[in-house]
Amino acid sequence: MPDIINILPDSVANQIAAGEVVDRPASAVKELLENALDAGATKIQLIVKDAGRTLIQVIDNGCGMSDSDARLCFERHATSKIHKADDLFAIHTMGFRGEALASIAAIAQVELRSKMHDNDLGTQVIIEGSDIKSQSSCSCPNGTSIAVKNLFYNVPARRNFLKKDSIELSHIEEIFKRVALINYTIDYTFYHNGKLLYDLHGGNFAERIAQMYGQNYRERLYPVDESTDVVNVHGYVSKPEYARKSRGEQYLFVNHRFIKHPALNAAVEKAYTDLIPDHYYPSYFLHLEVDPSRIDINIHPTKTEVKFIDESALFTILRAATKRALGQFGLATELEFNPIQEVDFPPAPKGYVPKQPQVHYNPAYNPFKSTSKDGDFGRTKGSQWTSFFDLKEANNEPAATTHEERQTLIPQAETAQPGTSVQPCLQLMGSYIVSTMPSGLLVIDQQAAHERVVYDRLMSTEGKAVAQQLLFPVNCQFSPADADIFSELIPDLEKQGFVIGTIGQTTFVVSATPAEIKDSELQSLFDQILTEYKGTMMQKFSDRRQCLCRSMARQMAVKAGTPLEQAEMQQLVADLFCCPVPHVSPSGKKTMAIIPPNKLIV
Ligand code: ADP
Ligand code: MG
């Protein structure tokens, strides 16, 4: 039998290895930005065309390369950053594996120009698919420019996996933020298709955050500063009231490197226990400085995952540092934020005779005959609800919207019996509504239930939503890439009752909203919509609308922990049973449980 094993040519081996390092334009951006930092640059330009498909160029004013280094840097395992295995545990640079440029050159057409500061002339190298096409002297500024053209030109399979430009650009933007946030002393510019997206000037960490997210953003943050033998923690965490329903800006850096570390991320979130509702997440920008010999960053090709020797100590310190920041800046934690799940009943005083609790309700109240005067049956706040659910009014005056009229808006579920009144309700733990039905005890999760009610209404009122003019228009600001995506969503938002104009490239002015949206919540509503939109990459029109309505419903729904009046609870129960699918919320959470009498005591 003939021998069948061959050694793969370098170009093929490089292409295979490239798959690990460069899976989309954003990863090439990461490697080039990191190389510029390692070269000691103080000014870095990123120029991208077509979301990185046709061009990614990074220009730095760093140390530059000699003629032979400019050629050698494209070889696999070519690095100036380590010499022996031991060096792996004293890493002060972003790169050290010596494979990024080799990988990029294997799957693109690359043009490098570089000049060391002491030289008069620089050098230019052109390489395509690992093949050096030319090298010549050239005059160029001090530092290095690397232009990566037509990424994956020779790997169609990978090219086909790329997502649409707005998504690829948002990945690039995310990488750019991770690098630029923590390297805050460096000047950065970032152009996409000739448009300047970021122009950042060197400063401190807080200034960089403000440059990136807008000056107002500072008000959302508390500083964190903690020095210990194991680690120094410095940075910012969001005030609990700015927690969001999606994980937004959560940035953890170790020695100027963005990392993902579920346990450490959890440590920060743990510090917010009891301060924010379940499924809300804080934002944070935290920099840990650790002795390089105590970490291993070589466990993942793109080096976002790291291993710490002192992981459990780090966990404790990080949680404590965050807690201290939250406590120190004006939060009386335990007192104000008792967790509702753990209600402690103090022992009754001696001789105390308990009184039977009274439930006040109007037995003649029929939620199907009456609803709010303007047909608006889903308000956000308890206090606002009261006027809409005034029992006396519902009883004495004929309701503006009759049951029949309402059926055209929301089809009635089989379970709802027109003409029968909803049983009296009790609210438990500020979050659950308990009532009875012929089939048993009904327990309703008020937040999930209200989400369902609001969602169905939003879906059924598309295009007919009433916009309410704001007295003071509200400005909302996004990062440049998010602003592009947000522009795509404006027509859909306008169908839901928003009126949105643009000022500049990244600021939008909202002059009208649907009646129930609070203007103070607009930015967080839009942030959430954008996160969901990007997360699911929805392209079909109907999906996009569902996504919008889901986010709006979540924002508008009455929250767990909000006390409700008797009439509000009854209205909610009645509205819920008018929904075609009352038993789950639009995000798939169960809204209710019915406990049959024979299961009550078993
Ligand atoms: P690594 O960064 O892991 O060493 P790379 O493939 O990214 O590997 O780069 C290879 C080498 O090329 C680096 O070690 C460095 O010496 C040189 N190099 C790459 N980019 C630059 C740059 N922008 N300025 C100066 N030298 C660079
Ligand atoms: Mg590198």
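**Exercise 1. Work out whether the end-to-end distance of helix α18 agrees with its 13 residues, and how enclosed the helix is.**

*Solution.* Start with the length: α18 covers residues 566-578, and at 1.5 Å a residue its 13 residues should span 18 Å. In this predicted model, the end C-alpha atoms of α18 sit 19 Å apart, which agrees. Next, burial: 13 of the 13 residues of α18 are buried, so the rest of the structure largely encloses this helix.

**Exercise 2. Do the length check on helix α1, then find which of its residues are buried and how they are arranged around the axis.**

*Solution.* Helix α1 takes in residues 10-21, twelve residues in total. From first C-alpha to last, α1 reaches 16 Å, close to the 16 Å expected at 1.5 Å a residue. Now pick out the buried ones, taking buried as under 20% relative accessible area: in α1 they are Ala13, Asn14, Ala17, Ala18 and Val21. Look down the axis of α1 and these buried residues fall within an arc of 145 degrees, so they line one face of the helix.

**Exercise 3. Place strand β6 among its partners, and say how covered the strand is.**

*Solution.* Take the partners one at a time.

- β2 pairs with β6 in the antiparallel sense, over six bridges. To fix the register, put aspartate 60 opposite threonine 144 in β6.
- β3, residues 109-115, also runs antiparallel to β6, and seven bridges join the two. Here lysine 115 has glycine 143 of β6 as its bridge partner.

Last step, burial: six of the seven residues of β6 are buried, leaving the strand mostly covered.

**Exercise 4. Describe the second largest pocket: its volume, its lining and the elements that build it.**

*Solution.* The volume of the second largest pocket is about 660 Å³. Its lining counts 32 residues, and those closest to the centre are Asn35, Met65, Cys73, Ser80 and Lys81.

Then go by element. At least two lining residues come from each of α2 (25-38), β2 (55-60), α3 (67-72), α4 (100-106) and β6 (143-149). α2 gives the largest share of this lining, six residues.

Finish with the chemistry: the lining of the second largest pocket splits into 15 nonpolar, eight polar and nine charged residues.

**Exercise 5. Do the same for the largest cavity.**

*Solution.* First the tally: there is one cavity of 30 Å³ or more. The largest cavity holds about 100 Å³ of space. Among the 13 residues lining the largest cavity, Lys30, Glu34, Arg178, Val179 and Phe258 are the closest to its centre.

By element, α2, α6 (165-182) and β12 (257-259) each give two or more residues to this lining. The largest share, four residues, belongs to α6. By class, the lining of the largest cavity has six nonpolar, three polar and four charged residues.

So what links the two spaces? α2 shows up in the lining of the second largest pocket and also in the lining of the largest cavity.

**Exercise 6. Two loop residues, alanine 51 and asparagine 150, have a positive phi. Locate each and decide how accessible it is.**

*Solution.* A bit of background: most residues other than glycine have a negative phi.

- Alanine 51 isn't a glycine, yet its phi is positive at about 55 degrees. Alanine 51 sits in the loop between β1 (43-49) and β2. With 1% relative accessibility, alanine 51 counts as buried.
- Asparagine 150 has a phi near 50 degrees, again positive in a residue other than glycine. Asparagine 150 belongs to the loop between β6 and α5 (156-161). Its relative accessible area is 30%, making asparagine 150 partly exposed.

**Exercise 7. Sort out how β7 and β8 are connected.**

*Solution.* β7 (residues 187-192) and β8 (residues 195-200) run antiparallel, joined by five bridges. Phenylalanine 190 stands opposite tyrosine 198 in β8. Two residues separate the strands, giving a hairpin, and asparagine 193 in its turn has a positive phi of about 45 degrees.

**Exercise 8. Compare sequence separation and spatial distance for alanine 243 and serine 524.**

*Solution.* Alanine 243 lies in the loop between β10 (231-238) and β11 (250-254). At a relative accessible area of 11%, alanine 243 is buried. Along the sequence, alanine 243 and serine 524 are 281 residues apart; in space, C-alpha to C-alpha, the gap is 9.2 Å.

Methods
Residues are numbered from 1 along each chain as its sequence is written. Chains are lettered from A and ligands numbered from 1 in the order in which they are written. This is a predicted model: local features need pLDDT of at least 70, side-chain atom pairs count only at pLDDT 80 or more; totals for chains, interfaces and linings use all residues. Side-chain values use heavy atoms; hydrogens and water are left out. On a 1 Å grid over the protein atoms alone, a cavity is a set of points where a 1.4 Å probe fits but cannot get out, and a pocket is an open set with protein on both sides within 12 Å along at least five of seven lines; lining residues have an atom within 4 Å of a point. Grid points are joined across faces, edges and corners, and a volume is the space filled by probe spheres set on the points. Ala, Val, Leu, Ile, Met, Phe, Trp, Tyr, Cys and Pro count as nonpolar, Asp, Glu, Lys and Arg as charged, and the others, Gly among them, as polar. Buried means under 20% relative accessible area, exposed over 50%, partly exposed in between (1.4 Å probe, protein chains only). Two strands pair if DSSP finds at least two bridges between them. The expected span of a helix is 1.5 Å times one less than its number of residues. The arc is that of the directions from the helix axis to the C-beta atoms.
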